[in-house]
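Dear colleague,

Please find below the sequence and the structure that I agreed to hand over. My findings follow, arranged by region.

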Amino acid sequence: MGATGSGKSTFINKASGSDLPVGRGLESCTSEVRNSRPFVLNGRIVTLIDTPGFDDTTRSDTDILSMIAAYFSKTYEHGARLAGVIYMHRISDFRMGGTSEHNFKIFRDFCGEGSLNNVLIVTNMWSEVKREIGEARESELASKDKFFKPVLEKGARLLRHDGSLESTHTILRYLINSHPATLRIQREIVNEHKPIEKTAAGSDLRRALDEQATSHKEEIRSLRAEMEAALRAKDEETRAELQEELEKRQQEYMRIEQSSKRMAAEFAAERARLEARILQMEDVHQKQVQTLEGGEVAGVEHPESLYTRKQRKAAKQAEDERRARKLEEEHKAQPLVEESHQKHLQSLLKTRTTKEIADVAHAEEDRRERERLAALETEQQRQNSAMEAAERERVKDELLRARREIEKVEEANSRLAGQQRLSKQREEEPPKTGGKEVARARREMEEAQAKVEREAAAAQEAQDAERARLLEEQKKQEEEDRRKMEEEQARQKEEAEKSKSQQLEDFLTKARERAILAEQARLAEAAERKKNQQQLLIIAREQENLAEQARQKAAAESA
């Protein structure tokens, strides 16, 4: 893993003899997760996995995270375990900027603290810098908390790669005998069943996107203010530049919003796409491994097979049987769990007091109230977005009207210039009609000029009045919308309080009724039990009387 252009694909090709595409220009080349050709190192079959960088030039960070998380979670479900993770960093970079720090932060969230013993941070491109400069940068990276120091203190190792085959194999020897690692993203998605946006890496990426969106919103507000100032100053060139920049910022803001919202959908789609691809990759990988085991790769001889096909098939069959047994046990245990849960609920209903029931009802109402407020906040955000879109439309209409007024003024100015040129030509011509004609022409020119000036002033006044009217209408509309929103929130809150009180009262009433019925049933049961005891006592006394009479009769007969 690592930033775009950090040499990941080059390292893999050098180590494995693969031919993965390598970028030569400014654009990213690795657009999806790829496996290298398997190769043998110290008697172990090694496969390297190439991933795209989070600063990819063609895909967003959310797409990249969804792609990598889907791949590693899906392969983890298929039983694949990683010996380690290598993070590539260019020692030739002058500094570790915000983008590099962001990439490494996501990498840390992706791996988690528990797997850092299986992490190698590899610096490369040492040939592009002087040795003393590279060593100084390496020392700074290893000694500062905002760089690699925290992960190095928790078990990660910092190594150098000089670009040679021996260097790649030396680095890999640190990992090939390591205990398999489970990445944090694998544990969160597969074992804890978290959605992608709730994982540590997904949450951090969402926070970064939210910060970018907030920054873009502030820039959009600033650009709108500058556009209004340019419009008032009639600076058409500046206004056009600001309009172009504003459209770019709005497009970037919408892209960030969409990226944040579609993370879960992209993850689900990527996992579905990987279902068939992983089976195909496993088939290709098995064939390549069989080739290695047969000693058919140049320079590799293996007298004994490391993993036979029969062993792999048996292991896969055992894993399938284990999963089937687990599913069957869960299916059988589900009715028992539900029955136990229902009994537990019934016992709680019998033993809880009225106060406890009221507390439960109150907690349930609080939860519903929070959900309702969240829905209301979402609706308010939607309305705000609609208001912003309407405002953009109003600004466009205003700019269009202003452009038309400016065109009218320019047309009037051109007419005035034409008349002035005509008058000048007449003055330069030899006098034919005498001084009266010249005076008349001069008066016409002055009248035409005065008319044009009046029209321009009237157009300017009309434009200013229209702008003031639009701003006033916009302000009134915003105040009206805000007032309606506040009234609606207050009304909904009041209705919620009333509904909450009424539901609580109904619940308590029903609870009291149930308590009364239970008490009546208990009293009836006690009365019935007392009646039965009295009847038993009467029967016992009658039996004693009969026995006494029998004894007396027997005594009389014997006498």
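**Around helix 7**

Just after helix 7, histidine 193 takes a positive phi of about 55°. Please note that the model is a predicted one. Most residues other than glycine have a negative phi, so a positive value deserves a remark when the residue is not a glycine. Histidine 193 is placed in the loop between helix 7 and helix 8 (200–232). Is histidine 193 buried or exposed? Its relative accessibility is 65%, and it therefore counts as exposed, the cut-off being over 50%.

Helix 7 itself has several buried residues, namely Ile185, Gln186, Glu188, Ile189 and Val190. Glutamine 186, which belongs to helix 7, may serve as an example. Its relative accessible area is 2%, so glutamine 186 is buried, a term that applies under 20%. When its neighbours within four places in sequence are left aside, glutamine 186 is in contact with Phe72, Tyr76, Ala181 and Asn191.

**Helix 2 against helix 7**

Two packed helices are described by the angle between their axes and the distance between the axes. For helix 2 (residues 61–77) and helix 7 (residues 184–191), the angle is about 65° and the axes are 9 Å apart. Helix 2 is therefore roughly perpendicular to helix 7. The crossing of helix 2 over helix 7 is right-handed.

Which residues make this contact? Helix 2 contributes Ala69, Phe72, Ser73, Tyr76 and Glu77, while helix 7 contributes Ile185, Gln186, Ile189, Val190 and Asn191. Sorted by class, the contact of helix 2 with helix 7 has six nonpolar, three polar and one charged residues. Two of the helix 2 residues named here, Phe72 and Tyr76, also appear among the contacts of glutamine 186.

**Helix 1 against helix 6**

A second helix pair can be described in the same terms. The axes of helix 1 and helix 6 (residues 165–172) cross at roughly 95° and come within 8 Å. Helix 1 is thus roughly perpendicular to helix 6. On the side of helix 1, the residues involved are Phe11, Lys14 and Ala15; in helix 6 they meet Leu165, Thr168, His169, Ile171 and Leu172. By class, the contact of helix 1 with helix 6 divides into five nonpolar, two polar and one charged residues.

**The segment before helix 1**

Two residues in this part of the chain are described here. Serine 6 lies in the segment before helix 1 (8–16), and alanine 3 is found in that segment too. Serine 6 has a relative accessible area of 1% and is therefore buried. Alanine 3 has a relative accessibility of 10%, so alanine 3 also counts as buried, given the cut-off of under 20%.

What does the side chain of serine 6 reach? It reaches the backbone oxygen of alanine 3, at 2.8 Å. Not counting residues up to four places away in sequence, serine 6 touches Met88, Arg90, Asn124 and Met125. Alanine 3, for its part, is 51 residues apart in sequence from phenylalanine 54, yet their C-alpha atoms are 6.3 Å apart in space.

**Strands 2 and 3**

Asparagine 42 is found in the loop between strand 2 (39–41) and strand 3 (44–46). Asparagine 42 has a positive phi of about 55° although it is not a glycine.

Valine 46 has its place in strand 3. With a relative accessibility of 9%, valine 46 counts as buried. Setting aside neighbours within four places in sequence, valine 46 is in contact with Arg37, Pro38, Phe39, Leu41 and Ile176. From valine 46 to serine 36 the C-alpha distance is 9.0 Å, and the two residues are ten residues apart in sequence.

**The chain as a whole**

The chain has 13 helices and seven strands. Of its 559 residues, buried residues make up 30%. Among the contacts with a separation of 6 or more, 72% are accounted for by residues 24 or more positions apart.

With kind regards

Conventions. Residues numbered from 1 in each chain as written. Predicted model: local features only at pLDDT ≥ 70, side-chain atom pairs only at ≥ 80, totals over all residues. Heavy atoms only, no water. Axes fitted to C-alpha atoms, helices over the stretch in contact; angles between N-to-C directions. Helix = DSSP H or I, 4+ residues; strand = E, 2+ residues; numbered from the N terminus. Parallel < 35°, antiparallel > 145°, perpendicular 65-115°, else oblique. Left-handed = near helix turned anticlockwise from the far one by under 90°. Contact = heavy atoms within 4.5 Å. Nonpolar A, V, L, I, M, F, W, Y, C, P; charged D, E, K, R; others polar. Buried < 20%, exposed > 50% of the residue type's maximum accessible area, 1.4 Å probe, protein only. Polar contact = N/O pair within 3.5 Å; in protein donor to acceptor, adjacent residues only side chain to side chain.
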